[in-house]
Amino acid sequence: MSRSDEETLAALIEVSRTPEGRKGLSGVLADTLFLLPASPSRLLLLRLRLLRNLLAGDEFNQNAFIQRSGPSVVAASVLSLPSLVPDAVRAALQALGNTALAGEFHRNAVWEALFPEALREFSGVRDTGVLDPLCMVLDTCCGGEGGRRRLNELCDEELGLPILVQVVNTASQVEHKEEWLEWLLFKVCVEEQKFESVFDALCSTNDVDRGEYNAKHAFLLGTLSRCLNNHPKEVAITDSFAHHVFNVHKHAAETVNFTHRGTSPLPTGCPAIDILGYTLQLLRDICAWESSSSETQGPVDSLLQTGLVKHLLKYLGELEPPSTIRKSMSRRQGDNHPALENAKVCPYIGYRRDLVAVIANCLHGRKKVQDEIRKLSGILLLLQQCVIDEDNPYLREWGLLVVKNLLEGNEENQKEISELEMQEPVITPEIANIGLKVEIDKTRRPKLVNTSDVSMSVLK
């Protein structure tokens, strides 16, 4: 390898950064591909970077690349190295990703060259710089006219699923959080309803035997939660995915130790606790999602039929009161108050808030949920969430929203609240600030009455 070769390639790479430069270098592509297989590692990297640039949005170069079996040449050249060099793998995947963006014919050629052997090898490279273009290639190839076939191959238990599992495993280890990964996992798990298959495939033998979760499960759910929260109007939620999330949440709730107070928000580093929280946040955002058609039942309505609200009220009722109320109880009766003896504590900072948030979104515009909460004697419990809690940022705001949505257009709930005998610490200034006030009736009994019609909304 001569110094002049490196300098020449570096100059070509610089020129190829612009559309005009790529057009002018179209004749270089064939020679670069021809020299690629026999290139020493340093020249191989430079030639891959040159190909990457030449293939960026240039239709002529993209077509020439396919005609000369470029995807197979690139994959074979990288895999021939004694060990996979992250920079070389990254450049190769970027070149193939740029090619796949050109259309169905190009996507299919890239897929045929990579699946499954090359993709399996590339997915094992523990480098965040490799993961992003890898996820770009996978996501792009699983879209378009033939995307469904390729997606089904990617989810095949023997050939494709190990690739996805390795992607999640590697991403969880390097804490990769880029959008290509989010879109890929959301497409596979939610839109194509493969969540259960992927989730189960992430289990090790010991996990299955003990019924436990691992860091890969937590990472997957955290990634899906982030995608849904960041792009609520760009994704579609299926009933199947919603039910799987709820089932995982219920199982996690049985697994987590609620006797140890959490000292950090998500992620905590404990898989079971992180899964408990991420599934709650997914449920919060799923329940904020509304069908675009009045004739179509949304996933939240399907979830409500499975007892979602009853479970959430049960979990909330088992917790110790918020810190504001606990302090008031301690001042009046000491630390041995019966309500505190066997109560559970929040396993992570924000757990109570997340429970209340899901309930608030379930209540929005749904009289059946309003009535269900009243029949389950949950009104007083929800009123107690309208306070500041040291372990639950924004609990008060979500508590106020849940009370607003609980009362909107529901005379029965308004009447029940007004008839409650309100005692400290249930009465709070925050409740008064949302249009409720305490009045004293003829019997000198305190009443909480609704004094204004407040518009209700859903928070995320």
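**Figure 1. Two cysteines of the predicted model, one buried and one partly exposed.** Let us start with cysteine 386, which counts as buried because its relative accessibility is 0%, under the 20% cut-off. Cysteine 270 has a relative accessibility of 32% and therefore counts as partly exposed. If you are looking for disulfides, the structure holds 0 of them.

**Figure 2. The protein chain as a whole.** Before moving closer, it helps to have the setting in mind. The protein chain has 28 helices and 2 strands. Of its 460 residues, 53% count as buried. Take the contacts between residues at least 6 apart in sequence: 75% of these join residues at least 24 apart.

**Figure 3. Helices α24 and α27 pack against each other.** Here we look at α24, spanning residues 367–375, and α27, spanning residues 411–419. Their axes lie 9 Å apart and make an angle of about 30°. That angle is under 35 degrees, so the two helices count as roughly parallel. The crossing of α24 past α27 is left-handed. On the α24 side, the contact involves Lys367, Gln370 and Arg374, which meet Glu412, Asn413 and Glu416 of α27. By class, the residues of this contact comprise 4 charged and 2 polar, with no nonpolar ones.

**Figure 4. Helices α17 and α20 pack at an angle of about 25°.** This view shows α17 (residues 239–255) beside α20 (residues 308–318), with 12 Å between their axes. With that angle, α17 and α20 are therefore roughly parallel to each other. Their crossing is left-handed. From α17, the contact draws on Phe246, His249, Lys250 and Ala253, while α20 supplies Leu308, His311 and Tyr315. Sorted by class, the contact of α17 with α20 has 4 nonpolar residues, 2 polar and 1 charged.

**Figure 5. Glycine 21 sits in helix α2.** The helix runs over residues 19–24. Glycine 21 counts as buried because its relative accessibility is 9%. Leaving aside residues up to four places away in sequence, glycine 21 touches Val15 and Ser16. You can also find asparagine 53 in relation to this glycine: the two are 32 residues apart in sequence, and their C-alpha atoms are 9.6 Å apart in space.

**Figure 6. Two cis peptide bonds, each leading into a proline.** As background, most peptide bonds are trans. Phenylalanine 115 is joined to proline 116 by a cis bond with omega near -5°. Proline 116 belongs to the loop between α8 (104–114) and α9 (117–123). The second cis bond links leucine 266 to proline 267, with omega about -10°. Proline 267 is in the loop between α17 and α18 (271–288), and α17 is the helix that packs with α20 in Figure 4.

**Figure 7. Serine 69 and tyrosine 394 have positive phi values.** Most residues other than glycine have a negative phi, so residues like these are worth a look. Serine 69, which is not a glycine, has a phi of about 55°. Its place is the loop between α5 (59–67) and α6 (70–79). Serine 69 has a relative accessible area of 42%, so it counts as partly exposed. Tyrosine 394, also not a glycine, has a phi of about 65°. This tyrosine lies in the loop between α25 (379–383) and α26 (395–407). With a relative accessible area of 59%, over the 50% cut-off, tyrosine 394 is therefore exposed.

Definitions and conventions:
Residues numbered from 1 in each chain as written. Predicted model: local features only at pLDDT ≥ 70, side-chain atom pairs only at ≥ 80, totals over all residues. Heavy atoms only, no water. Disulfide = S-S within 2.5 Å. Buried < 20%, exposed > 50% of the residue type's maximum accessible area, 1.4 Å probe, protein only. Axes fitted to C-alpha atoms, helices over the stretch in contact; angles between N-to-C directions. Parallel < 35°, antiparallel > 145°, perpendicular 65-115°, else oblique. Left-handed = near helix turned anticlockwise from the far one by under 90°. Contact = heavy atoms within 4.5 Å. Nonpolar A, V, L, I, M, F, W, Y, C, P; charged D, E, K, R; others polar.
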